[in-house]
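Please open the model in a viewer and keep the sequence at hand. The tour below proceeds by selection, with a short account of what is found at each stop.

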Amino acid sequence: MTSDNGKIDNLMQQAQGLERRILAAHRQDRLVLYSEFSRTLTRLRVAGGRVPSRMQRLEQMLGEEAAEEMFDNMPV
């Protein structure tokens, strides 16, 4: 069980570091970090960790920004 807690702690630290980088970054840089952030949160969930609501909201916001960016770049 201690190993799982260590893994969860490590994933949480990674997520917090990415969160800080995302919040300090410009839009394009945030979108680059989005996939890594989302993967880290998924790994945290799978390991049994709880993802804070602020990180869930950030993940959702980044997903919406990524979708907007995809449609903004589609030829008409």
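A salt bridge, as the term is used here, is a side-chain nitrogen of Lys or Arg within 4 Å of a carboxyl oxygen of Asp or Glu. The model on display is predicted, and by this rule its count of salt bridges comes to 5.

**First stop: E59 and R45**

Select E59 and R45, whose side chains meet in a salt bridge with 3.0 Å from N to O. The two residues belong to distant parts of the chain: E59 is in helix α3 and R45 in helix α2, 14 residues apart. Is E59 buried or exposed? At 13% relative accessibility, E59 counts as buried. Its partner R45, at 36%, counts as partly exposed.

**Second stop: E19 and R54**

Next, select E19 together with R54. Their side chains form a salt bridge, the N to O distance being 2.9 Å. Which parts of the chain does this pair tie together? E19 lies in helix α1, which spans residues 2-24, and R54 lies in helix α3, residues 53-72, so the salt bridge joins parts that are 35 residues apart in sequence. Colouring the pair by accessibility is instructive: E19 is buried, with a relative accessible area of 8%, whereas R54 is partly exposed at 38%.

**Third stop: R27, E68 and the network**

Now select R27 and E68. A salt bridge is formed between them, with 3.9 Å between the closest N and O atoms. This pair also links distant parts of the chain, since R27 is placed in helix α2 (residues 27-46) and E68 in helix α3, 41 residues apart. Both ends count as partly exposed: R27 has 30% relative accessibility, and E68 has 44%. Add E69 to the selection. Salt bridges with shared partners join R27, E68 and E69 into one network.

**Fourth stop: E65**

Remain on helix α3 and select E65, which lies in that helix. E65 is buried, its relative accessible area being 10%. Which residues does E65 touch, when those up to four places away in sequence are not counted? They are R27, R30 and L31. R27 was met at the previous stop as the salt-bridge partner of E68.

**Fifth stop: T40**

Move to helix α2 and select T40, which is found there. How accessible is T40, buried or exposed? T40 counts as buried, at 3% relative accessibility. To see its surroundings, display L11, Q14, A15 and L18: T40 is in contact with these residues, leaving aside its neighbours within four places in sequence. Helix α1, introduced at the second stop, covers residues 2-24.

**Last stop: R50**

Finally, select R50 in the loop between α2 and α3. Here the setting changes, for R50 is exposed, with a relative accessible area of 64%. With neighbours within four places in sequence left aside, R50 is in contact with M12 and L44. For a last distance, pick the C-alpha atoms of R50 and I8. These atoms are separated by 8.9 Å, while the two residues are 42 residues apart along the chain.

**Looking back**

To review the tour, display three of the salt bridges at once: E59 with R45, E19 with R54, and R27 with E68. Then return to the buried residues visited, among them T40 at 3% and E65 at 10%, and set beside them the exposed R50 at 64%.

Key: Residues numbered from 1 in each chain as written. Predicted model: local features only at pLDDT ≥ 70, side-chain atom pairs only at ≥ 80, totals over all residues. Heavy atoms only, no water. Helix = DSSP H or I, 4+ residues; strand = E, 2+ residues; numbered from the N terminus. Buried < 20%, exposed > 50% of the residue type's maximum accessible area, 1.4 Å probe, protein only. Contact = heavy atoms within 4.5 Å.
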